[in-house]
Amino acid sequence: MRRLSLILALLLVPVATAPAASVSVTRAAGYLTAHQSSNGCLGDRTGTGWGAIALRAAGRKSAAHAAAACLARSSGSLRTATDRELGIMAAVAGGISPRHVGGRDLVRILERSRKRGYYRGSSTNGAIFGVLALKAARRPVPRAVVRQILKDQASGGGFDYFPEGQQADMTAAGIQALRAAGYACSSKPVRRALRALERFRSGDGYVLGIGQQPNAQSTAWAVQARAACKRPVGRSLGWLRARQSADGSVRYGPAEVGRIWVTGQVLPALARRWWPIR
């Protein structure tokens with residue numbers, strides 16, 4: 001009788017299941033590693049850079065290192081400010097010094113390219129990702145760059161690639177940059193940007209521009225921005241997971257876009273991580 005009672009008790013113990021978020025992260029990371037070439041690359045330079053950051057967000061340090069090493073081998077092709085900023089973020093994510101990326105000191109090159117609040121050859125987006133790259137590299141963020149970002153904030157609270165415009169991706173990136181620069185979520189610039197970001201919500205997803213259809217990358221960046229301020233993201237994460245295919249890749253949404261690139265940009269959001277990611 002005691003044995004029968006023990007068996008019944010064991011049957012009634014709930015079976016532990018992995019949270020949906022961890023399952024989606026594991027599947028997305030598995031997709032990226034399955035498509036990683038023997039030299040660590042993930043398609044083109046952009047896919048490899050974002051892939052390194054994504055794999056680090058998923059805890060795949062060795063795969064992230066391999067991707068960062070692949071990008072480092074082509075560091076000579078990182079000629080624009082945003083290329084170098086992605087290179088810095090990817091190197092840090094992969095455990096490579098951003099001062100020794102294929103023999104180049106990307107941090108020094110970026111810092112020396114600054115002209116007042118912008119980095120040479122870039123505008124608002126370069127300033128925003130400049131903050132994130134320097135924070136990733138544990139370097140001081142120039143106040144002139146932060147002032148420029150604030151100056152470029154549109155009257156509606158959002159950000160774009162250029163001053164005074166507004167779109168979801170750069171608004172989300174701007175929120176993360178302001179947080180990295182030390183602005184609290186309760187500060188006026190961040191609150192205004194968070195309100196502006198919600199204007200791009202469509203159902204549980206986010207659109208790049210008003211009137212468009214929601215897409216995975218805009219939704220992912222919005223999740224990162226909201227998570228950075230401890231705002232609820234569960235429904236949008238559900239929207240992203242619903243667009244994850246059986247192989248772990250994530251579909252863009254309104255059109256088919258390169259799955260490696262899309263999955264690499266979505267994975268950090270699935271892991272509830274925001275930039276910079278070390």
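**Exercise 1. The surroundings of helix α8**

Against which elements do the buried residues of α8 pack? Identify these residues in the predicted model, then establish how α8 is placed relative to α7.

*Solution.*

Step 1. Helix α8 covers residues 143-152, and its buried residues are A144, V145, V146, Q148, I149 and D152.

Step 2. These buried residues pack against two strands, β1 (114-115) and β2 (118-119), and against two helices, α7 (124-136) and α9 (168-180).

Step 3. Two packed helices are described by the angle between their axes and the distance between the axes. For α7 and α8 the angle is about 135° and the axes are 9 Å apart. The two helices are therefore oblique to each other, since an angle must be over 145 degrees to count as roughly antiparallel. Their crossing is left-handed.

Step 4. On the α7 side the contact consists of T124, A127, I128 and V131, which meet V145, I149 and D152 of α8. Sorted by class, the residues of this contact are 5 nonpolar, 1 polar and 1 charged.

Step 5. An α-helix has 3.6 residues a turn, so residues three or four places apart point the same way. The spacing of V145, I149 and D152 in the contact with α7 may be read with this rule in mind.

**Exercise 2. Two residues of α7 and α8**

Determine whether N125 is buried or exposed, and do likewise for K151.

*Solution.*

Step 1. N125 is found in helix α7. Its relative accessibility is 15%, so N125 counts as buried, the limit being under 20%.

Step 2. Leaving aside residues up to four places away in sequence, N125 touches T82, E85, D160, Y161 and M170.

Step 3. K151 lies in helix α8. With a relative accessibility of 65%, K151 counts as exposed, the limit being over 50%.

Step 4. K151 can also be related to α7 through T124: the two residues are 27 positions apart in sequence, and their C-alpha atoms are 9.6 Å apart in space.

**Exercise 3. Helix α3 and its partners**

How do the axes of α3 and α4 cross, and how do those of α3 and α5? List the contact residues in each case.

*Solution.*

Step 1. Helix α3 comprises residues 45-57 and helix α4 residues 61-73; their axes come within 8 Å and cross at roughly 155°. That makes α3 roughly antiparallel to α4. The crossing of α3 past α4 is left-handed.

Step 2. From α3, this contact uses R45, T48, G49, A52, L55 and R56; from α4, it uses K61, A63, A64, A67, A68, C70 and L71. The contact of α3 with α4 has 8 nonpolar, 2 polar and 3 charged residues.

Step 3. Helix α5 comprises residues 81-93, and its axis comes within 8 Å of that of α3, with a crossing angle of roughly 35°. Here too α3 passes in a left-handed crossing.

Step 4. In this second contact, α3 supplies R45, T46, G49, W50, A52, I53 and R56, while α5 supplies D83, L86, M89, A90 and A93. The contact of α3 with α5 has 7 nonpolar, 2 polar and 3 charged residues.

**Exercise 4. The nonpolar core**

Which residues have the most contacts inside the largest nonpolar core? Describe the neighbours of L240.

*Solution.*

Step 1. The largest nonpolar core has 87 residues, and those with the most contacts inside it are I128, F129, L240 and W275. I128 also takes part in the contact of α7 with α8.

Step 2. With residues up to four places away in sequence left out, L240 touches A216, T219, A220, V223, V250, V266, A269 and L270.

**Exercise 5. Backbone features**

Where are E164, R272 and P276 located? State the backbone feature of each.

*Solution.*

Step 1. E164 lies in the loop between α8 and α9. Its phi is near 75°, a positive value in a residue other than glycine. E164 is partly exposed, at 46% relative accessible area.

Step 2. R272 is placed in the segment after α13. Although not a glycine, R272 has a positive phi of about 55°. R272 is partly exposed, with a relative accessible area of 44%.

Step 3. P276 is in the segment after α13 (259-270). The peptide bond joining W275 and P276 is cis, with omega about -5°. W275 is also one of the residues with the most contacts inside the largest nonpolar core.

Technical notes. Residues are numbered from 1 along each chain as its sequence is written. This is a predicted model: local features need pLDDT of at least 70, side-chain atom pairs count only at pLDDT 80 or more; totals for chains, interfaces and linings use all residues. Side-chain values use heavy atoms; hydrogens and water are left out. A nonpolar core is a set of buried Ala, Val, Leu, Ile, Met, Phe, Trp, Tyr and Cys residues joined through side-chain atoms within 4.5 Å. Buried means under 20% relative accessible area, exposed over 50%, partly exposed in between (1.4 Å probe, protein chains only). Contact means heavy atoms within 4.5 Å. Axes are lines fitted to C-alpha atoms, for helices over the stretch in contact, and angles run from 0 to 180 degrees between N-to-C directions. Helices (H or I, at least four residues) and strands (E, at least two) are DSSP runs, numbered from the N terminus. Angles under 35 degrees count as roughly parallel, over 145 as roughly antiparallel, 65 to 115 as roughly perpendicular and the rest as oblique. A crossing is left-handed if the near helix is turned anticlockwise from the far one by less than a right angle, and right-handed if clockwise. Ala, Val, Leu, Ile, Met, Phe, Trp, Tyr, Cys and Pro count as nonpolar, Asp, Glu, Lys and Arg as charged, and the others, Gly among them, as polar.
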